[in-house]
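Student: I have a model open and a list of terms. Can we go through what earns each one?

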Amino acid sequence: PEALRMAESQGLDLVEVADAARPPVCRIMNYGKFKYEKKKMGQESRKKSHVMQIKELRMGAKIQEHDLAFKLGKARDFLERGDKVIMTMMFRGREMAHTDIGRAMMERITKELAPLAKVEQAPRMENRRMSMVLNPIRR
């Protein structure tokens, strides 16, 4: 009762901090301001967080040099933003006989993006597609 009188005289609230303690621990504070600041801190932490997305880049087995450079540039952008990248190479018809060319291309991509990413899943064939997953390196 004495603490409640003190809080009312100062125009503040009496807030119970630890009810399990004997005697209960209370604090004199502006509870509305406390709730507002807590809400703002939560909003600030959500603003600074980044939800990782998975981006897929598809290409054919006969991709030209400029097109590959363009795809690598996009992959760099995604990795720098903190997103995972799935590199997918599609094989058509007789290209299935030359999956070794696709595997060599995937190795080249891995070497090019080594400063930004590590391979989470090595290149593997699934039907007519070869894909690998790259995970951004945290700095």
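Below, a student and a tutor take the terms one by one.

Tutor: Remember that this model is predicted. Begin with the helices.

Student: Why are H3 and H4 called oblique to each other?

Tutor: Look at the angle. The axes of H3 (residues 65-81) and H4 (residues 99-112) cross at roughly 45 degrees. Under 35 degrees would count as roughly parallel, and 65 to 115 as roughly perpendicular. The angle fits neither range, so the pair is oblique.

Student: What is the distance between the axes, and which hand does the crossing have?

Tutor: The axes come within 11 Å. The crossing is right-handed.

Student: Which residues make the contact between H3 and H4?

Tutor: From H3, Glu65, Leu68, Leu72 and Arg76. From H4, Met105, Arg108, Ile109 and Glu112. Four residues of this contact are nonpolar, four are charged and none is polar.

Student: What makes strand S4 largely enclosed?

Tutor: Count its buried residues. S4 (residues 84-90) has seven residues, and five of them are buried, so the rest of the structure largely encloses the strand.

Student: How do you know that S3 and S4 pair?

Tutor: Pairing needs at least two bridges. Strand S3 (residues 54-60) is joined to S4 by seven, and the two run parallel. In one of these bridges, lysine 55 partners valine 85 of S4.

Student: Why does serine 131 count as buried?

Tutor: Buried means under 20% relative accessible area. Serine 131 has 11%, so it counts as buried. This residue lies in strand S6 (residues 129-136). Its contacts beyond four places in sequence include Ile86, Met87, Thr88 and Met106. The C-alpha atoms of serine 131 and methionine 106 are 8.4 Å apart.

Methods: Residues are numbered from 1 along each chain as its sequence is written. This is a predicted model: local features need pLDDT of at least 70, side-chain atom pairs count only at pLDDT 80 or more; totals for chains, interfaces and linings use all residues. Side-chain values use heavy atoms; hydrogens and water are left out. Axes are lines fitted to C-alpha atoms, for helices over the stretch in contact, and angles run from 0 to 180 degrees between N-to-C directions. Helices (H or I, at least four residues) and strands (E, at least two) are DSSP runs, numbered from the N terminus. Angles under 35 degrees count as roughly parallel, over 145 as roughly antiparallel, 65 to 115 as roughly perpendicular and the rest as oblique. A crossing is left-handed if the near helix is turned anticlockwise from the far one by less than a right angle, and right-handed if clockwise. Contact means heavy atoms within 4.5 Å. Ala, Val, Leu, Ile, Met, Phe, Trp, Tyr, Cys and Pro count as nonpolar, Asp, Glu, Lys and Arg as charged, and the others, Gly among them, as polar. Buried means under 20% relative accessible area, exposed over 50%, partly exposed in between (1.4 Å probe, protein chains only).
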